[in-house]
Amino acid sequence: MEIDGWFSGYKVRSSPWIDGKTIYFNVQCFAPGQSLSQPPAWDKTVYVTDNEAGRRIVHDFTASLAAHVAGLEIKPGTKIVLTA
């Protein structure tokens with residue numbers, strides 16, 4: 001399942017990760033009026049465990065998951081894995 005679109009004002013990309021066990025979920029925020037050709041104001045990535053519940057959250061609750069990720073404080077070099 002691949003996602004590449006806008007949800008709740010965030011640019012969201014999602015796809016199965018190369019490890020075969022997780023789903024890559026990336027959220028980007030652009031400032032109002034900012035050109036999309038410029039880097040985003042911020043960029044956060046989490047990984048969702050690739051199971052039935054994880055796939056449902058990514059597919060059916062994309063906007064809610066994006067808002068949740070936006071609120072996370074992720075330190076550089078940290079890998080966050082969300083499991084439902």
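User: Where is Asp50 placed, and why does Asp50 count as partly exposed?

Analyst: This is a predicted model, so everything here describes that prediction. Asp50 is in the loop between β4 and α1 (52-60). The relative accessibility of Asp50 is 27%. Buried would need a value under 20%, and exposed one over 50%. Asp50 at 27% falls in between, so "partly exposed" is the label that applies.

User: What does Asp50 touch, leaving out residues up to four places away in sequence?

Analyst: The contacts of Asp50 are Gly20, Lys21, Thr22, Ile23 and Arg55. Each of them has heavy atoms within 4.5 Å of Asp50, which is what makes it a contact. As for Ile18, the C-alpha atoms of Asp50 and Ile18 are 11 Å apart, with the two positions 32 residues apart along the chain.

User: How do you know whether Tyr47 is buried or exposed?

Analyst: Tyr47 has a relative accessibility of 13%. The limit for buried is under 20%, so Tyr47 is buried. Tyr47 lies in strand β4 and touches Trp17, Thr22, Ile23, Tyr24, Lys79, Ile80, Val81 and Leu82, residues up to four places away being left out. For a pair with Ala70, 23 residues along the chain from Tyr47, the C-alpha separation is 14 Å.

User: Two residues of strand β2 next: why do Ser15 and Arg13 get the labels they do?

Analyst: Ser15 is in strand β2, and Arg13 is found there too. Ser15 has a relative accessible area of 17%, which is under 20%, so Ser15 is buried. Arg13 comes to 41%, between the 20% and 50% limits, and therefore counts as partly exposed.

User: Which residues do Ser15 and Arg13 touch?

Analyst: With residues up to four places away set aside, Ser15 touches Met1, Glu2, Ile23 and Tyr24. On the same terms, Arg13 touches Ile3, Asp4, Tyr24, Phe25 and Asn26. Tyr24 therefore appears in both lists, by the 4.5 Å heavy-atom limit. The C-alpha atoms of Arg13 and Asn26 are 5.2 Å apart, although the two are 13 residues apart along the chain.

User: What makes Gly71 and Ser8 exposed?

Analyst: Exposed means over 50% relative accessible area. Gly71, found in helix α2, has 64%, so the label fits. Ser8, in the loop between β1 (3-7) and β2, has 54% and therefore is exposed as well. The backbone of Ser8 has a phi near 55°, a positive value in a residue other than glycine. Gly71 and Lys44 are 27 residues apart along the chain, and their C-alpha atoms are separated by 9.8 Å.

User: What makes a set of residues a nonpolar core, and which members of the largest one touch the most others?

Analyst: A nonpolar core needs buried residues of the nonpolar list, joined through side-chain atoms within 4.5 Å. The largest such core here has 14 residues, of which Tyr10, Phe25 and Val58 touch the most other members. Two or more residues come from each of β2 (10-16), β3 (22-29), β4 (42-49) and α2 (62-71). Val58 touches Met1, Ile3, Ser14, Ile23, Phe25, Val48 and Leu65, again without residues up to four places away. In soluble globular proteins, nonpolar side chains tend to be buried together.

User: Why does the radius of gyration agree with a compact globule?

Analyst: For 84 residues, a compact globule would have a radius of gyration near 12 Å; this protein has 13 Å, which agrees. The C-alpha trace spans about 40 × 25 × 20 Å along its principal axes, and 32% of the 84 residues count as buried. Of the contacts with a separation of 6 or more, 47% link residues 24 or more positions apart.

User: Which elements make up the protein, in what order, and how much accessible surface does the protein have?

Analyst: There are two helices and five strands, and from the N terminus they run β-β-β-β-α-α-β. The accessible surface is about 5,200 Å², with 54% belonging to carbon and sulfur atoms. As for charges, the mean positions of the 8 positive and 8 negative ones are 4 Å apart.

Definitions and conventions: Residues are numbered from 1 along each chain as its sequence is written. This is a predicted model: local features need pLDDT of at least 70, side-chain atom pairs count only at pLDDT 80 or more; totals for chains, interfaces and linings use all residues. Side-chain values use heavy atoms; hydrogens and water are left out. Helices (H or I, at least four residues) and strands (E, at least two) are DSSP runs, numbered from the N terminus. The radius of gyration is taken over C-alpha atoms; the globule rule is 2.2 Å times the number of residues to the power 0.38. Buried means under 20% relative accessible area, exposed over 50%, partly exposed in between (1.4 Å probe, protein chains only). Accessible areas come from the Shrake-Rupley method with a 1.4 Å probe; for residues, only the protein chains shown count as cover. Lys and Arg count as positive and Asp and Glu as negative; His and the chain ends are not counted. The place of a charge is taken as NZ of Lys, CZ of Arg, CG of Asp or CD of Glu.
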